[in-house]
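Q: I am new to this structure and would like a close look at a single part of it. Could you take me through one helix and its surroundings, step by step?

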Amino acid sequence: MLKRYLGIDLGGCMSGTSAYCLIEGDGKSFTILDLVKEPKHKSHQACRDFIKEHLLVSGAVRIGIDAPLTLPRKLYDPAFKPRPRDAGGEIDNPYLYRYCDYYLFKTFGLRPMPPAGDRIGRLTARMIELLQDDALSNIKERIIEIYPKQIALELGLQAYKKNPQSVLERLGCEAADLDEHQIDALLAAYATMMIDHGHTVDVQDRDEGWCYPLRLKNNEGL
């Protein structure tokens, strides 16, 4: 059965770097329906309206977004007792990193940026604000957090941003002149479809949100 999936590489409101990829597929193949860049906005409201419209009209059964959807709980809940971690450096700090960030580090050797940090914090705030919008109440459960770099590594693509064509060849699709943000949106859409078909891991921690990794079973994939 064909279903729609939306992948978003989220950027700042006024940067013009956000990209949206809408696909239709069945977990074995897919077709790109739309692949667009978000224009630069002059106001916060225009920025919020743009993403809300795409979330509401896409018809996607699941939406994968490359941006933190939550903050480290220890930042706003002093009584919270985080799960133990076994790592050196800042990734061990529950005020900076959520358990899912630590999981990506320990499992895949990745180093996500802190959700409240200077570069990513504005994206985290953008998503938290959106998820509190009553207009999106009926689709909140469809939205998941993903990490394109992990998706690319699971597909065997090491330096994919330097070679966008490698992503298109690996996924068996065609598109012209994609920049790195559109490539990440495409990876997000693909992974969201595969995650919907069970190619992921069980949620290890529900207290701080979860970033869903792609896990291809028995080398399955497109």
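A: In this predicted model, helix α1 has 14 residues, and at 1.5 Å a residue these should span 20 Å; the C-alpha atoms at the two ends of α1 are 20 Å apart, which agrees with that expectation. The helix covers residues 44-57 and lies across four strands, namely β1 (3-9), β2, β3 and β4 (62-66), while its direction is at about 160° to that of β1.

An α-helix has 3.6 residues a turn, so residues three or four places apart point the same way. The buried residues of α1 are Cys47, Phe50, Ile51, Lys52, His54 and Leu55, where buried stands for under 20% relative accessible area. These buried residues pack against β1, β2, β3 and β4, and also against another helix, α3 (121-131). After α1 comes Gly59, which has a positive phi near 75°.

The strands that α1 lies across belong to an open sheet of five strands, which has mixed pairing and the order β3-β2-β1-β4-β5. At its edges are β3 (30-37) and β5 (143-145), each of which pairs on one side only, and from one strand to the next the twist averages 20°. Within this sheet, β2 (residues 19-25) pairs with β3 in the antiparallel sense, over seven bridges; Leu22, for instance, has Asp34 in β3 as its bridge partner.

Definitions and conventions:
Residues are numbered from 1 along each chain as its sequence is written. This is a predicted model: local features need pLDDT of at least 70, side-chain atom pairs count only at pLDDT 80 or more; totals for chains, interfaces and linings use all residues. Side-chain values use heavy atoms; hydrogens and water are left out. Two strands pair if DSSP finds at least two bridges between them. Axes are lines fitted to C-alpha atoms, for helices over the stretch in contact, and angles run from 0 to 180 degrees between N-to-C directions. Contact means heavy atoms within 4.5 Å. The expected span of a helix is 1.5 Å times one less than its number of residues. Buried means under 20% relative accessible area, exposed over 50%, partly exposed in between (1.4 Å probe, protein chains only).
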